[in-house]
Amino acid sequence: GYATIHGLAEGTEEFPREEWRARVHPDDLGRLDALRDQAFAERCREHNTEYRIVGPDGKVQWIESRVLVSYNGDGRPTRMVGVNIDVTGRKRAEQHQRLLIAELDHRVKNVLASVVVVARRTSEKNGSTADFIEALDRRIKSMADAPVIDPVLFNDSENWVGECYFTELCAMGLVGPWVVPDYAPDYPEVA
């Protein structure tokens with residue numbers, strides 16, 4: 001529960017505001033104060049937010065706070081009762097998802113750039129539109145059938161695509177020396 005999340009003694013029923021503020025991540029304090037003040041000014045009965053706390057060991061946890069606020073006849077807040085939920089796992093998963101989406105976006109753009117290069121090179125070698133379309137179709141199908149080639153893979157011995165495979169791709173005109181990273185072996189020039 002609350003005590004465990006905040007590193008308090010089991011059975012703790014009250015937690016002074018200043019002690020709570022001391023545990024809130026410094027980058028979140030201003031935002032939390034502003035949100036609380038806005039909720040009070042608008043006399044919101046519910047106040048929900050997410051913020052980070054820093055434990056005594058320096059470990060950061062994400063908290064989702066759901067609070068019910070009671071007001072007196074003058075509209076002043078008198079009591080807040082709620083629940084704090086540790087959502088650190090969810091926040092990590094969201095961050096991981098954002099990284100995966102960014103990586104996917106990067107890879108898609110790289111593939112599209114490769115297709116543009118293949119189209120240009122194919123157009124240089126084919127005179128008629130029909131020959132160009134047929135040759136481009138073959139090259140794009142070859143690219144679709146080939147494993148993903150990313151310069152990052154060349155630095156990982158478990159995923160090394162191998163000199164022979166890369167040489168074959170060069171010979172097909174699907175890749176060229178412009179994609180060979182500095183730490184890869186020498187590969188043949190493509191005409």
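Let's start with Y71: at 19% relative accessibility, this residue counts as buried, because the cut-off for buried is under 20%. Keep in mind as we go that the model is predicted.

Y71 also has an aromatic partner. A search of the whole structure turns up two aromatic pairs, and we can take them in turn. In one of them, the ring centres of W20 and Y51 lie 5.5 Å apart with the planes at 75°, so this pair is edge-to-face. W20 sits in helix α2 (residues 17–23) and Y51 in strand β1 (residues 46–54), so to speak two distant parts of the chain, 31 residues apart, linked by the pair. Are these two residues buried or exposed? W20 counts as buried at 13% relative accessibility, and Y51 is buried too, with a relative accessible area of 2%.

The other pair brings us back to Y71. Its ring and that of F40 have their centres 6.4 Å apart and their planes at 90°, so this pair is edge-to-face. Here again distant parts of the chain are linked: F40 belongs to helix α3 (residues 26–41) and Y71 to strand β2 (residues 60–71), 31 residues apart. One more ring deserves a look: K91 lies over the face of W62, at 4.4 Å from the ring centre.

F40 has led us to helix α3, so let's follow that helix. With 16 residues at 1.5 Å a residue, α3 should span 22 Å, and its end C-alpha atoms are 24 Å apart, which agrees. Which residues of α3 are buried? They are D28, L29, L32, D33, R36 and A39. These residues cover an arc of only 140° around the axis, which puts them on the same side of α3. That buried side packs against α2, β1 and β2. On the face turned away from it you will find the exposed residues D27 and A41. Just past the helix, α3 is followed by R43, whose phi is positive, near 55°.

Now to the charges. How many salt bridges does a search of the whole structure find? The search gives 16. One of them involves D28, which we met on the buried side of α3: the side chains of D28 and R52 meet at 2.8 Å, N to O. Because R52 lies in strand β1 and D28 in helix α3, this salt bridge ties together parts that are 24 residues apart in sequence. Both partners, R52 and D28, are buried.

Other salt bridges lie within a single helix. R107 forms one with E103, the closest N and O atoms being 2.5 Å apart. These two are four residues apart in helix α4 (residues 88–125), which means that about one helical turn separates them. R107 counts as partly exposed at 29% relative accessibility, and E103 as partly exposed at 34%.

Helix α5 (residues 129–145) offers a similar arrangement, with K141 and D137 four residues apart, about one turn of the helix. Their side chains meet in a salt bridge (3.1 Å, N to O), and D137 counts as partly exposed at 38% relative accessibility. Finally, some salt bridges share partners, and in this way E50, E64, R66, R90, K91 and E94 are joined into one network. K91 is the lysine that lies over the face of W62.

Methods: Residues are numbered from 1 along each chain as its sequence is written. This is a predicted model: local features need pLDDT of at least 70, side-chain atom pairs count only at pLDDT 80 or more; totals for chains, interfaces and linings use all residues. Side-chain values use heavy atoms; hydrogens and water are left out. Rings of Phe, Tyr and Trp (its six-membered ring) pair if their centres lie within 6.5 Å; planes under 30 degrees apart count as stacked, over 60 as edge-to-face and the rest as tilted. Buried means under 20% relative accessible area, exposed over 50%, partly exposed in between (1.4 Å probe, protein chains only). A charge sits over a ring if NZ of Lys or CZ of Arg is within 6 Å of the ring centre and within 35 degrees of the ring normal. The expected span of a helix is 1.5 Å times one less than its number of residues. The arc is that of the directions from the helix axis to the C-beta atoms. Contact means heavy atoms within 4.5 Å. A salt bridge is a side-chain nitrogen of Lys or Arg within 4 Å of a carboxyl oxygen of Asp or Glu.
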